Amino acid sequence: MNAPTHLLQVRGVSKNLGGRAILRDVSIIVDPGDLKVLIGPSGAGKSTFLQCINRLITPDEGEILLNGAPIDGRDTGELCRLRQEVGMIFQDFNLFDHLTAEANVALALRKVRRLSSADAAQRARRELERVGLAGRENLYPAQLSGGQKQRVAIARALAMDPKVLLLDEPTSALDPELVGEVLAVIRDLASGGMPMIMATHQMDFARSLATEILFMEAGRIIEQGSPAELLAPGANTRTQDFCGRLLASESGAAGE
C-alpha cells in the first residue's frame with residue numbers, strides 16, 4: 001500500500017552554525033488547511049528551521065519534499081520552484097526601499113513569472129487590495145507603517161500563488177497597535193485554507209487558529225499537539241509553562 005503524499009514534508013533537518021548545533025533532526029508535515037505554529041524561546045532554532053525549509057540556509061542533513069518529490073538543493077530550477085511554491089514572510093519585511101508597494105509586489109511576477117509589466121501591475125494591485133492596501137500602491141516603504149509594510153510583503157508572497165506560506169515572527173518588528181492588522185490578514189488566509197508554518201509569540205492567535213503547535217527548544221521539537229492538548233488547564237506541558245511565563249512577562253512590561 002502506497003504511503004500518503006503530503007503537500008510539504010521536511011525530514012530530519014539538522015544544521016550547525018559556528019560549530020554549534022542549531023537544528024537537530026527536525027521534521028514536520030504540512031497538508032492542505034494546516035496552520036502549524038512554532039513556538040519556543042529565543043535561540044531555539046525556529047527562524048533557522050524556516051529558512052532551511054526554503055533553502056535560504058542549506059541544511060547539513062535532511063530533505064524537503066513537495067507533493068512527495070524531494071527537492072534537489074543543487075539544482076537551480078528546483079530551488080526556483082521551491083521558492084515559488086513555498087512563500088516566505090520575514091520579520092523585517094525585506095522590501096526594496098526604492099520601489100513602490102506595487103513595484104515590490106510586481107517585481108517577481110515580471111522576473112520569475114515572466115508576466116508583462118501591465119499584467120504584473122494588475123496582479124500586484126489585486127493582491128494589495130486583498131491585504132487591505134488599495135489606494136496605497138504608489139507609496140514607498142518609508143511612507144508606510146510597519147503593519148502596512150508587512151502586508152505588502154504578504155501580498156508579494158501571495159502574488160506567486162504559493163502552495164504553502166512560511167511566516168517568521170511576522171509581527172515581532174511591529175508596534176503593539178499594528179499587530180492586529182497583520183494578524184487579521186493571516187487569519188483570513190487561514191480561513192481560506194492557506195497552509196502555513198508560522199513562528200510566533202502571539203499565543204492567543206495560536207490557541208484560536210493553530211491546527212498544531214510545535215514547541216522548539218535547543219534545536220529540537222520537544223512537544224507537539226493541538227492547542228487543546230498542549231494548553232489545556234492542568235496540562236503541565238512545557239508549552240503551557242512557556243506560555244504562562246510569556247504572559248507574565250508581558251503583563252509585567254505593561255505595568256511598568
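In this predicted model, the elements that cover the buried residues of helix 3 include helix 4 (117-130) and helix 5 (146-158). Helix 3 itself spans residues 101-111, and its buried positions are Ala101, Glu102, Asn104, Val105, Ala106 and Leu109. Both nonpolar side chains and the polar residues Glu102 and Asn104 thus appear in the buried set of helix 3.

Helix 4, one of the elements covering helix 3, also carries a charged pair. Arg130 forms a salt bridge with Glu127, with the closest N and O atoms 3.2 Å apart, and the two residues lie three positions apart in helix 4, about one turn of the helix. An α-helix has 3.6 residues a turn, so residues three or four places apart point the same way. Glu127 has a relative accessibility of 4% and is therefore counted as buried, the limit being under 20%. The pairing extends beyond these two side chains, since Arg123, Glu127, Arg130 and Asp161 are linked in a network of salt bridges.

In total, the structure holds eleven salt bridges. Side chains of opposite charge can pair when their charged atoms come close. In helix 9, the side chains of Arg238 and Asp241 meet at an N to O distance of 3.5 Å, and, being three residues apart in that helix, Arg238 and Asp241 are separated by about one helical turn. Arg238, at 22% relative accessibility, is partly exposed, as is Asp241 at 39%. A further salt bridge joins Asp72 and Arg74, with an N to O distance of 3.1 Å; here Asp72 is partly exposed at 26% relative accessibility, whereas Arg74 counts as exposed at 76%.

A contrasting case is provided by Lys46, which is buried yet has no salt bridge. The nearest side chain of opposite charge, that of Glu169, is 4.7 Å away, and because a salt bridge requires a nitrogen-oxygen separation within 4 Å, the pair is not counted as one. When neighbours within four places in sequence are left aside, the residues in contact with Lys46 are Leu38, Ile39, Gly40, Pro41, Glu169, Ala199, His201 and Met216. Lys46 is found in helix 1 (residues 46-53), where the buried residues are Lys46, Thr48, Phe49, Leu50, Cys52 and Ile53. Six of the eight residues of helix 1 are therefore buried, so that this helix is largely enclosed by the rest of the structure. Helix 1 is followed by Arg55, for which phi is positive, near 60 degrees.

In soluble globular proteins, nonpolar side chains tend to be buried together. The largest nonpolar core in the model comprises 48 residues, of which Ile154 and Ile186 touch the most other members. The largest share of this core, seven residues, is contributed by helix 6 (residues 176-191). With residues up to four places away in sequence not counted, Ile186 touches Ile154, Leu167, Pro170, Met196, Met198 and Phe205. Apart from this core lies another, of 29 residues, among them Leu23, Ile28, Val86 and Ala199; Ala199 is also one of the residues in contact with Lys46.

Aromatic pairing is represented by one pair. The ring centres of Phe215 and Phe242 lie 5.4 Å apart and the ring planes meet at 70 degrees, so the arrangement is edge-to-face. Because Phe215 belongs to strand 9 (residues 212-217) and Phe242 to helix 9 (residues 238-255), the pair ties together parts that are 27 residues apart in sequence. Phe215 and Phe242 are both buried. Helix 9 thus takes part in this aromatic pair through Phe242 and also holds the salt-bridged residues Arg238 and Asp241.

With regard to the cysteines, a search of the whole structure finds zero disulfides. Cys80 is in no disulfide, the nearest cysteine sulfur, that of Cys52, being 19 Å away, while the limit for a disulfide is a sulfur separation within 2.5 Å. Cys80 is partly exposed, with a relative accessible area of 35%, whereas Cys52 is among the buried residues of helix 1. Cys243 is likewise buried, with a relative accessible area of 10%.

Note on methods: Residues numbered from 1 in each chain as written. Predicted model: local features only at pLDDT ≥ 70, side-chain atom pairs only at ≥ 80, totals over all residues. Heavy atoms only, no water. Core = buried A, V, L, I, M, F, W, Y, C linked by side-chain atoms within 4.5 Å. Buried < 20%, exposed > 50% of the residue type's maximum accessible area, 1.4 Å probe, protein only. Helix = DSSP H or I, 4+ residues; strand = E, 2+ residues; numbered from the N terminus. Contact = heavy atoms within 4.5 Å. Phe/Tyr/Trp six-rings, centres within 6.5 Å; stacked < 30°, edge-to-face > 60°. Lys, Arg positive; Asp, Glu negative; His and termini not counted.
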